[in-house]
Amino acid sequence: MDIPTGVHASAAATIQLEVRWHGQPYSVEVPATATVSEVKQRLEELTGVAPHAQKLIGLLPRGRQPPDHAALGELGVKSGQRCMLVGIEAARAAQLASEEEEHRARAAAEAERAKVLAEVEEARRAEEQLRYEAEEAQRRQERIRRQEQSAMEREEMRRQQEENQRLRREAESSLEIGRLQCFSSAVGGNPRLDRGDKVVLPAAVLEEAVHKGLPFPYTFRVRKVDAESPADADASPIAHCGALDFEAPAGMCYLPASIMAKLALQEGDHVSLKSVRLPKGEYAQLQPQSASWIDIPMATREAILADQLRNYQTLTVGDTVRLSHGSQDHRFHVTKVLPAPSHEMRDDSADAQLAVPAPDSLIGGPSAGISIIDADVAVDVIEPREAYSPIAPVTLDGSTAGELGQGESVTYRLRLDRPLDAGLLIEVSPVGVGDVDLYVSHTPENRRPTPLAYTWKAQTQGAKRLHIEAADPQLARAVQEGWLYITVCAYATPSGASVSFSLECKPGGGEGRQLVLESPDKQADVVHRREVPVTSYGLHEMACARYSWRCEECGAVLPLAEKDKHRAVAHVVVHREFECPKRMVGCLYCSLEVPFDQRGEHQGVCGNRTVTCSLCHTRHKRNGIKKHLVEEHGVYPQHANTDYFAE
């Protein structure tokens, strides 16, 4: 508001307004102290427009409407100022409302009439449609009756022929081994046994399989045989397996530990083997036995399943599948399997054809099994058997407390429900003796940050104040996703006792800052977080030596109290992440991470697997597909990625 103008306007005795309504000019003279409401009442006398229906355009700049209680002088209105009145008189408004009501009534009557006519027409058409459908149904039933009679005769003949062929084929190609003495990999000395479901058999089994012309790869059903009551063998549990090699001594076989455990076998027990043809699998449901599987990032789990399941030839309900990732072994229980529709394959224990999906009783039955060799199997991993601690929620401007034992950790999920224009401050403080470290992740792929996988961290001794700047792009992504993941780890506790802590998250900045030298004639004192003049730095360094310490490996200068923790945490993490031969690194040909000392062996196998070029549909090795795309199809080397080939 223009204050000088307002003061001048309020000083005038009267104000004359030039108002134009529907092209007609009206002159209104009112005192300077008159309110807008009084002006509207005068205009009502002149025009017949009710005050509540009036809009005065021009009293205030940019078309703003003045409040009714405001005085003209306070608004800065000058005498002779022009404005425009918008509104219609009460009689005209009532007439327009009446005409509109009549129009709506006529429209409603027309719509009702059209609706009635449409309903009559619809009823007529429905009656004709019903009559036509009844006649068509009679003709269709007659055709179906004749077709069913002919199809039943043909189906009966086909079923009889297939049954005769099946019996003849099984009699010619089935291989049954009555009694073999079984031993585990500890006795057999072959560590590859426990990596999958394949067994080591005598050479005589291979000779018999070749003689009978069994299809390769060979699949066997294993069943425990009681030495005293061999007739009870048919009631014992079964497992399915493939053949690893045929180097076992005569009358003996070596089984994986998972099959030994499933069939309750001891060293030297007897088993019977029979060749079977399992249907190719379409679906398998696995349940982790340990919650450690959930700690693996989501993007890595699928690659682990695809790589490790190549060691298995079959999946049977009740099996225990062992998948290795790094230094950890993850064990899964097979809960359900589903065979793919097939007109040729039959399970030896099933009487019904596998031309249609098996019923639920077979999918989850104790003897249901599928073959996963050259099969596109959808693997579903359900919740683990072992209880898993959920991620606790925490809110902005909120706090929480907890208690941890030596080496334990707890993860929180912070809800980011508003912009963080001033950044984010996360504070965690140990209560009493002990220390805790803080690790924060901004990606859903790493929902449980650790000392080896994090976005931000705070490892100094004592209370932690982690300030994340608002300009940090990773914080911006976290705000967009709406979540931040925080892990508190117990570093040291007195005599192995638990340590209590408090956690607080709030928008804003922290008190601490990293020291930035602003003058070349000063040096930094990292202990006291201030700059020291060069002339007095020598004396200050001597006095500060008792409180600070310089790391011999990385040159970092820290308070003396953080010496032991820096050695135990910082360089151990660096070793694990960059120097340890067991650290996880990515494969050049797939998305799987493998131990560094096993990468050469893995890439030798993975690079020799074949993939299909999506441009010419030919098969090439993974380690040569890039050269093929560049030389044969002119693809730029930097663009020759997985978009151009498939498994």
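**Chat about a predicted model**

Biologist: Which residues is His330 in contact with, leaving aside its neighbours within four places in sequence?

Modeller: His330 touches Ser292, Trp293, Ile296, Val321, Arg322, Leu323 and His325, not counting neighbours within four places in sequence; contact means heavy atoms within 4.5 Å. This is a predicted model, where local features need pLDDT of at least 70, side-chain atom pairs count only at pLDDT 80 or more, and totals for chains, interfaces and linings use all residues. Residues are numbered from 1 along each chain as its sequence is written, and side-chain values use heavy atoms, with hydrogens and water left out.

Biologist: Is His330 buried or exposed?

Modeller: His330 counts as buried because its relative accessibility is 3%; buried means under 20% relative accessible area, exposed over 50%, partly exposed in between (1.4 Å probe, protein chains only). His330 lies in strand 14, residues 328-339 (strands are DSSP runs of E, at least two residues, numbered from the N terminus).

Biologist: OK, and why does Ile57 count as partly exposed?

Modeller: Because its relative accessibility is 32%. Ile57 sits in strand 3, residues 55-57.

Biologist: New topic: what's the strand order in the open sheet of four strands?

Modeller: The order is 18-25-20-23, with antiparallel pairing; two strands pair if DSSP finds at least two bridges between them. Strand 18 (398-404) and strand 23 (464-468) are the edges, each pairing on one side only.

Biologist: How many bridges join strand 20 to strand 23?

Modeller: Five, and the two strands run antiparallel, with strand 20 covering residues 424-431.

Biologist: And what stands opposite Leu425?

Modeller: His467, in strand 23.
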